[in-house]
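Here are some comments on the model you sent, set out as numbered points. They begin with a local pairing and then move to other parts of the chain.

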Amino acid sequence: PAVIRRADYAAPAFLIDSVSLEFDLVPERTIVTNTMRLRRNPDAAAARLELMGEALEFVSAAIDGKTLPASAVRAHEHGLTIEDVPDAFTLTIESACNPGANTTLSGLYVSSGNFFTQCEAEGFRRITYFLDRPDVMTTFTVTLRADKTAYPVLLSNGNLIEQGDLPDGRHFAKWEDPFKKPSYLFALVAGKLVALEERIRTGSGKEKLLQVWVEPHDLDKTRHAMDSLINSIRWDEERFGLELDLDRFMIVAVSDFNMGAMENKGLNIFNTKYVLANQETATDTDFGNIEAVVGHEYFHNWTGNRVTCRDWFQLSLKEGLTVFRDQEFSADMQGGATDEAARAVKRIDDVRVLRQMQFAEDAGPMAHPVRPESYVEINNFYTLTVYEKGAEVVRMYQTLFGRDGFRRGMDLYFKRHDGQAVTCDDFRNAMADANGRDLAQFERWYSQAGTPRVSVRTAYDAASQRYSVTLSQGYGEAAPAARETQKGPLLIPFAIGLIDRAGRDIPLRLEGEAAANGTTRVIELTEQEQTFTFVDVKEPPLPSLLRNFSAPVIVEYDYTNDELAFLLAHDSDPFNRWEAGQRLATRELLALAARAQAGEPLTFDDSTVAAFSRVLTDETLSPAFRELALVLPSEAYLAEQMAEADPAAVHAARQFARKRLARALKNEWLAIYERHATPGAYEPTPQAAGHRALKNLALAYLAELDDPADAVRLANAQYEHANNMTDRAAALAVLLAASAAAGAGVAQGALDDFYRRFEQEPLVIDKWFALQATQRGSAGRPVIEIVRTLMAHPAFSLRNPNRARSLIFSFCAANPAQFHAADGSGYAFWAEQVVALDALNPQVAARLTRSLEMWRRYTPALRERMREALERVATQVKSRDVREIVEKALA
Ligand code: HT7
Ligand code: ZN
C-alpha cells in the first residue's frame, strides 16, 4: 500500500477562494452541485488540476459556465483529473453519492433516518470532488434542499441567511460560514430533530445562540451538555482570553458515529454517548466525559479551527493542545484553579490512561512519534500518542514556563497564525519566543517515539548536609518502530520534592542559590546524565520524584516498601501519594503473578494491607482520592510490566489481592458503605460522585469475600432503590461479579430488569452488553459463550459502532483474562469480527484489530495462537485501514 511521508509535503497546486455547495438530499441518490473559484498557487509548480474524490458518481463539470467534454476530464478511483485549466476560473461539478448505503460513517450518511456528515480526516472527498487537504482553506456557502416532512431541520456551518419552501413539499436553507476553513470542518445535518436553546452574552457583550439538537425523545437529556457548553465558553474566555466568534453555536447528537465527537465549525456533531445524560441513564463517569468532550470540541474552535494543521502529520498540533486544554478545564471544574487535591483526581485519571494505554502503544508495532513521519491510512493515527502523549508534551511547556508563560506563548501563537494552517514547529517557536527560550532540543519530543526512562540515584552526605540526585535518561529496550526514531537526549522537566522523617516537605535550595525557594522544584534534565545537588539538607530525606507526573516518562528508583508506605501516608503531592500506593501494589502483584506462574502458594504482605488501610480510613482525604488509591493497578497495566505477559497469572494475582483486602478490611468496607451512602436527591457534583465511587468500591470489595451474601443483599437493595445510573450499574456489576462463584442466578433477575427498564435507551443497553462482556464468567461458564449468545440478541447490531464497542471491544480489550483464554477461542472470535466489520466500517474494524497488535509480548503458547489469528485476518481483509495494522503487527 502507498505510504504517505511527512518529508514529501508540497504546497497545493491550486487554491480555492470560495465554494458554494448545493445539496439535493435523497437517501439513495443525493446530488451535489459544487461551484468553486480556483486559482493557481503562485508558491507551487502547478500542473493539471487533481481533485480528490471517493465513492462518487461523476455527472458533469463546467469551467466558467462551459460544460467540459468527456475528453477534458477523467473521473477515476481517487478523484477527478482536469487537464489544461486557466490560471483562475470557476469550476462547477455535479456528482452523486448514496448516503443510505454508506456504512463507513465517513462522508455523508444516514442514521435513524436523518442525514449527517463526518469529514475529518478525508471524508469530504466522499461528498464532492475537492482539494481535500487541511492547508486549502476557503469560505463555504451551502444550500440544502430536502423533503420538508421527512427533513424539517436543515443545518450547516455558520449563519442561516435564507430559508423557504419549494414545490413538491420540499424546502431549502442557505448557510454561510464567514470564516475560511479546510474541508474537514464542513458539516451538514438534516432531519427530524429538536433543540434545547439558550442565549448568552460573551465577554464583549455580544449575544450568542446556543443549541443542542437531538431526536425528540432525547430532549430531556440535553441539560448537562448545554451547561458544559456554557462553562466551556466562559472558561476559554477567562483562562485564554478566547471568545466565541460565531453568532450561533450548535451541537448535534447522532447515535451512529465512529469516534466521540467532531469540531465542525459552529456545528459540532457528537456521538450521543457524549451528549445525552440524566440521572436515570448516565453514570457520574458519563457526566464527566460529556463535560470533557463538549469542552474539547468547543476549544477546537480556536485550537484547530481558527488555527489549523498544515498537513495530517501535524495532527497533534490541534489534538494534543486541545486535550491539554480540556484536561485543564475538567480539573478547574472539579476543584477550581487552586485546590490541588481535587485537581489531582483528574490528573490521576489522565495519567492512568496514558500509562496503561499510550505507554503500551509506544512499546509496540504501531509506535510513532507525536508527529508521525509516515502513514498508510491517516485514520489509524488518531492515537493515544497523538492525543494523550501530545497533551503531555503541551503540558510540559506550562510546567517549564508556568501558567503565565504558557499564556504568553498561546497569545503569540494566535497573533502570528490566526487564519493559517501551520505546524508543530510553529507552536513550539511561539512558546520559545514568548518566553525568551531556545527550545530546539524540545523538538525531540515531537520526533522521537518510545517512552523515555529516567533512572534516579541519590546520595546524602551528612557532614556537608548535601543531597545529590543523579538523573539519567534513555529508552531501555524500545520496540523497533520506536528505536528508529531515537536520536538524543530530551529536555525533561522533572519536578522533585524532599521529605523529612516527620513527613514534612523540606525547603529546597540548590547548590549555588542564595536561599531556599519553595518545596517543589522543576529541575531540567537536558543531558544523558546530570547531577543536581541540594544543600542545607539536615537529615537524609526521602525523594518525591516526578511530582504531578511532570513529564511522560518512566521513573526507575529503588524505593523500599516502607518508603513507599511512608510516601503514601505523607507526600504533600497528591499525585505522588497515589503513585506510591500504585508502585507498592504493582510490586506485590507482580510477585504474586510470578508465584501463580510457578504454582507456588500466594501470600500478600501484611504491611501493604496496613498501608492501604490507613489511606482508606484517613478522613482528611477526599472520598474520590481514597477510591482512586484503593483501586489496584489494572490487569492490562500489570501484564504490560511482565517480561512475557501472562493474563491468567495476572488475573489470579489481582483477584487474590482483592480478596485479601476484602477480608482484612471487611469491617472498614462495611462502615464505608454505610457512611458514604448518599440518600436524598441525586447531585451530579464531583463531591457527591466521590462518595458514590468510594461506596461502590466498598461494595465491589465486599463481593470478593468467600461468602458474598452481605454484598449480594446490599447490591440487590441498591439496585432496586437506586435513583441514579451510577448506583444501579455498580450494583449490577457487583451481582455479576458475585455470580462468578455463586452462579448466574444471582444476577439474572437484575439483568433482566435492567434490560426491560431501559429497552428504549440505546446508551443504557450498551452498558447492559458491556457489563456482561466484561464479567468474569458465571460459575465456570466462559464469557466467550455469553458474548456469542449476545451477538444473536435482537438488540445487537454490528453496524452501530457504540453497540459493537459495547459487546465486542469490551470483551476483546477490557476482559483480558477471558479474551486470552488458552484455547484461543477469544482470538477466533476476534478474527471473525474484524473480518465482518472490515466489510462494513473499516475505521471501526481497524480499532478492533489493534487488540492483538502486542502479540509478541505474550507467553509462547498465546503468542502462537495470536499470530495464527492475525495471519488468518491478513488473508481476508480488504481495507487499507485494517491492512496497515495487521501488516505492521506481523512485520
Ligand atoms: N477531531 C475529531 C476527530 C474525529 C475523527 C477522525 C477520524 C474519523 C472520525 C472522526 N470523528 C472525529 C475529534 C476530536 O478529536 O475532537
Ligand atoms: Zn480533538
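**Notes on the predicted model**

1. In this model, V110 has F115 of β11 as its bridge partner. The model is a predicted one, and the points below should be read with that in mind. A second pair links the two segments, with S111 bridged to N114 of β11.

2. These pairs belong to a ladder in which β10 and strand β11 (residues 114-118) run antiparallel and are joined by five bridges. The two strands make a hairpin with two residues between them, and S112, which sits in the turn, has a positive phi of about 45°. The turn is therefore a place where I would look at the backbone with this phi value of S112 in hand.

3. The hairpin is part of an open sheet of four strands, ordered β10-β11-β17-β13, in which the pairing is antiparallel. At its edges lie β10 (107-111) and β13 (153-156), each of which pairs on one side only. From one strand to the next, the twist averages 15°.

4. Is β10, as an edge strand, enclosed or open to its surroundings? Four of its five residues are buried, so β10 is largely enclosed by the rest of the structure, although the strand pairs on one side only.

5. Turning to the annotated domain, the UniProt record, an unreviewed entry, assigns "domain: Peptidase M1 alanyl aminopeptidase C-terminal" to residues 562-891. Over that range the model is 73% helix and 0% strand, and the C-alpha atoms at the two ends of the range are 44 Å apart.

6. Helix α19 (residues 745-757) offers a check on geometry: its 13 residues, at 1.5 Å a residue, should span 18 Å, and because the end C-alpha atoms are 19 Å apart, the expected and modelled spans agree. Within α19, the buried residues are V746, A747 and F754. Viewed down the helix axis, the buried residues of α19 fall within an arc of 40°, so they line one face of the helix.

7. What does the buried face of α19 pack against? The buried residues of this helix pack against α17 (709-721), α18 (725-742) and α20 (762-773), whereas G745, D752 and R756, on the other side of α19, are exposed.

Conventions. Residues are numbered from 1 along each chain as its sequence is written. Chains are lettered from A and ligands numbered from 1 in the order in which they are written. This is a predicted model: local features need pLDDT of at least 70, side-chain atom pairs count only at pLDDT 80 or more; totals for chains, interfaces and linings use all residues. UniProt positions are given in the numbering used here, feature names are shortened, and annotations may be inferred rather than shown by experiment. The expected span of a helix is 1.5 Å times one less than its number of residues. A residue is buried if 20 or more other C-beta atoms lie within 10 Å of its own, exposed if 12 or fewer, and partly exposed in between; C-beta atoms are placed from the backbone. The arc is that of the directions from the helix axis to the C-beta atoms. Two residues are in contact if their C-beta atoms, placed from the backbone, lie within 7 Å. Two strands pair if DSSP finds at least two bridges between them. Axes are lines fitted to C-alpha atoms, for helices over the stretch in contact, and angles run from 0 to 180 degrees between N-to-C directions.
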